[in-house]
Amino acid sequence: MLAALELARKAGEQGEIPVGAVVVVEDTIIAQAHNEKELRQDATAHAELLALQQAAGYTGRWRLSNAVLYTTLEPCAMCAGAMVNARLGRLVFAVRDLKAGAAGSVLDIVRTPGLNHQVQVSSGILAEESSRLLQAFFADLRRDG
């Protein structure tokens with residue numbers, strides 16, 4: 001999670017919403033990304049999606065059932081859906097997203113019983129640090145806005 005938090009800081013410095021994500025297999029980071037929506041002008045360029053894409057490229061497989069994705073913010077519906085489709089083994093996120101979270105807050109896509117896969121979920125790891133980073137980013141945005 002520390003690596004994801006550092007990526008989130010980098011995203012914030014680049015004017016992106018400060019979210020970072022890393023994918024780990026057997027204690028090795030195989031993929032890492034931060035939000036790049038503004039850079040790419042692409043609404044789908046979320047840290048989690050970019051990290052999942054990198055992980056699939058690294059492993060040569062779209063199925064990531066032995067992987068853990070660490071992210072600083074609870075995934076949105078799009079990212080949660082991608083995690084289900086990638087058959088992700090486990091998701092660990094820092095802070096809940098009470099407006100758009102899809103891993104238990106607003107929706108729970110990753111653990112929907114009717115879907116063909118459910119992702120194990122843990123949360124709260126480095127939540128305070130991640131929350132402070134997000135709050136500072138949005139406070140600066142409102143001040144400059």
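How exposed is Arg-132, going by its relative accessible area? Arg-132 comes out as partly exposed, at 47%. Keep in mind throughout that this is a predicted model.

**Figure 1. The whole chain, before zooming in, has five helices and five strands.** Reading from the N terminus, the order of elements is α-β-β-α-α-β-α-β-β-α. The C-alpha trace covers about 45 × 30 × 25 Å along its principal axes. A compact globule of 145 residues would have a radius of gyration near 15 Å, and the chain's 14 Å agrees with that. Of the 145 residues, 46% are buried. If you take the contacts between residues at least 6 apart in sequence, 54% of them link residues at least 24 apart. The exposed surface adds up to about 7600 Å², with carbon and sulfur atoms supplying 50% of it. As for charge, there are 14 positive and 16 negative side chains, and the centres of these two sets sit 5 Å apart.

**Figure 2. Glu-128 and Arg-132 make a salt bridge in helix α5.** Their closest N and O atoms are 2.8 Å apart. Both residues belong to the helix spanning residues 127-144, and because they are four residues apart there, about one helical turn separates them. Glu-128 is exposed, with a relative accessible area of 55%, while Arg-132 is partly exposed at 47%. As a general point, side chains of opposite charge can pair when their charged atoms come close.

**Figure 3. Ser-130 is a buried residue of helix α5.** This serine has a relative accessibility of 1%, so with the cut-off for buried at under 20% it counts as buried. Setting aside residues up to four places away in sequence, Ser-130 touches Leu-5, Thr-72, Ala-94 and Val-95.

**Figure 4. Two further salt bridges are Glu-36 with Arg-40 and Asp-108 with Arg-111.** The structure holds four salt bridges in total. For Glu-36 and Arg-40, the closest N and O atoms are 2.7 Å apart. Here the acid is tucked away: Glu-36 is buried at 16% relative accessibility. Its partner Arg-40 is partly exposed, with a relative accessible area of 46%. In the Asp-108 and Arg-111 pair, the closest N and O atoms lie 3.1 Å apart. Asp-108 is partly exposed at 29%, and Arg-111 is also partly exposed, at 33%.

**Figure 5. Glu-48, in helix α3, is buried without a salt bridge.** Where is the nearest side chain of opposite charge to Glu-48? That side chain belongs to Lys-37 and is 9.8 Å away. What does surround Glu-48 is a set of contacts, leaving aside neighbours within four places in sequence: Val-19, Ala-21, Leu-69, Thr-71, Leu-73, Pro-75, Cys-79 and Met-83. If you're checking protonation states in this view, note simply that no salt bridge is present for Glu-48.

**Figure 6. Leu-49 sits in helix α3, which covers residues 47-59.** Leu-49 is buried, with a relative accessibility of 12%. Beyond residues up to four places away in sequence, Leu-49 touches Thr-44, Met-78, Cys-79 and Ala-82. One of these pairs makes a nice sequence-versus-space example: Leu-49 and Ala-82 are 33 residues apart along the chain, yet their C-alpha atoms are 7.1 Å apart. Cys-79 turns up in the contacts of Leu-49 and in those of Glu-48 as well.

**Figure 7. Glu-26 and Gln-41 have positive phi angles although they are not glycines.** Phi is about 50° for Glu-26 and about 50° for Gln-41. Which loop holds Glu-26? Glu-26 is in the loop between β1 (20-25) and β2 (28-34). Gln-41 belongs to the loop between α2 (37-40) and α3. Glu-26 is exposed, at 73% relative accessibility. Gln-41 is exposed too, with a relative accessible area of 64%.

Definitions and conventions
Residues are numbered from 1 along each chain as its sequence is written. This is a predicted model: local features need pLDDT of at least 70, side-chain atom pairs count only at pLDDT 80 or more; totals for chains, interfaces and linings use all residues. Side-chain values use heavy atoms; hydrogens and water are left out. Buried means under 20% relative accessible area, exposed over 50%, partly exposed in between (1.4 Å probe, protein chains only). Helices (H or I, at least four residues) and strands (E, at least two) are DSSP runs, numbered from the N terminus. The radius of gyration is taken over C-alpha atoms; the globule rule is 2.2 Å times the number of residues to the power 0.38. Contact means heavy atoms within 4.5 Å. Accessible areas come from the Shrake-Rupley method with a 1.4 Å probe; for residues, only the protein chains shown count as cover. Lys and Arg count as positive and Asp and Glu as negative; His and the chain ends are not counted. The place of a charge is taken as NZ of Lys, CZ of Arg, CG of Asp or CD of Glu.
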